[in-house]
Amino acid sequence: MAFLIKSMIGNPLSGIGLGGGGDKEEEATPSDPAKAAGMTREEYEEYQKQVVEEKMERDADFLHKKAERATLRVCLRDKYRLPKSEQDDNMLEMAGDDVDVPEELLKMVDEDATEEEGKDSLMGQIQNLQNMDMDQLKEKASATVTELKSKAEEKCSVM
């Protein structure tokens with residue numbers, strides 16, 4: 001009960017701001033970040049250097065991955081004869097010459113290219129004809145012919 005009354009009334013001079021109440025808060029938070037982290041000045045500086053180095057390494061890895069993706073996009077644009085992107089060109093210039101497309105991605109692109117070449121060739125077309133179901137094809141053709149014949153009879157009075 002006494003705590004409740006004291007917290008409600010408090011120190012009447014603390015709210016005025018005559019310098020009586022603010023000193024305790026400033027002493028509680030040290031001005032030195034090393035002391036706040038519980039380290040010595042040298043340990044804190046070493047820690048900060050390590051954090052900066054790790055961030056630079058992460059940023060370099062990130063830029064390298066972005067450049068790899070840009071290289072792959074450029075390869076795909078060349079393959080499918082799409083317009084070039086200035087953003088990808090800029091990314092490749094920033095990354096330099098040491099950017100290569102990962103092997104897994106190259107394998108995927110090569111597999112797609114061989115599949116498309118196989119489909120485009122004459123032998124690929126012949127294989128597609130062999131894979132077709134001839135009975136189903138005949139049924140579709142006869143259904144189309146009867147449908148056309150019925151539409152023509154509706155529109156033409158001579159037939």
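A salt bridge is taken here as a side-chain nitrogen of Lys or Arg within 4 Å of a carboxyl oxygen of Asp or Glu. By this criterion, 4 salt bridges are found in the whole structure. The structure is a predicted model, in which local features need pLDDT of at least 70 and side-chain atom pairs count only at pLDDT 80 or more, while totals for chains, interfaces and linings use all residues. Residues are numbered from 1 along each chain as its sequence is written, and side-chain values use heavy atoms, with hydrogens and water left out.

Aspartate 88 makes a good place to begin. Its side chain forms a salt bridge with arginine 73, with the closest N and O atoms 2.8 Å apart. Here aspartate 88 belongs to helix H5 and arginine 73 to helix H4, so the pair ties together parts 15 residues apart in sequence; helices are DSSP runs (H or I, at least four residues), numbered from the N terminus. Aspartate 88 also meets arginine 77 in a salt bridge (2.4 Å, N to O). Arg73, Arg77 and Asp88 are thus linked in a network of salt bridges. Aspartate 88 is buried, at 2% relative accessible area, whereas arginine 73 is partly exposed at 35% and arginine 77 is partly exposed at 22% (buried, under 20%; exposed, over 50%; partly exposed, in between; 1.4 Å probe, protein chains only).

Within helix H4, lysine 55 and aspartate 59 are 4 residues apart, about one helical turn, and their side chains meet in a salt bridge (3.1 Å, N to O). Lysine 55 is partly exposed at 45% relative accessibility, as is aspartate 59 at 37%.

Just after H5, glycine 96 adopts a positive phi of about 95°.

How values were computed:
Helices (H or I, at least four residues) and strands (E, at least two) are DSSP runs, numbered from the N terminus.
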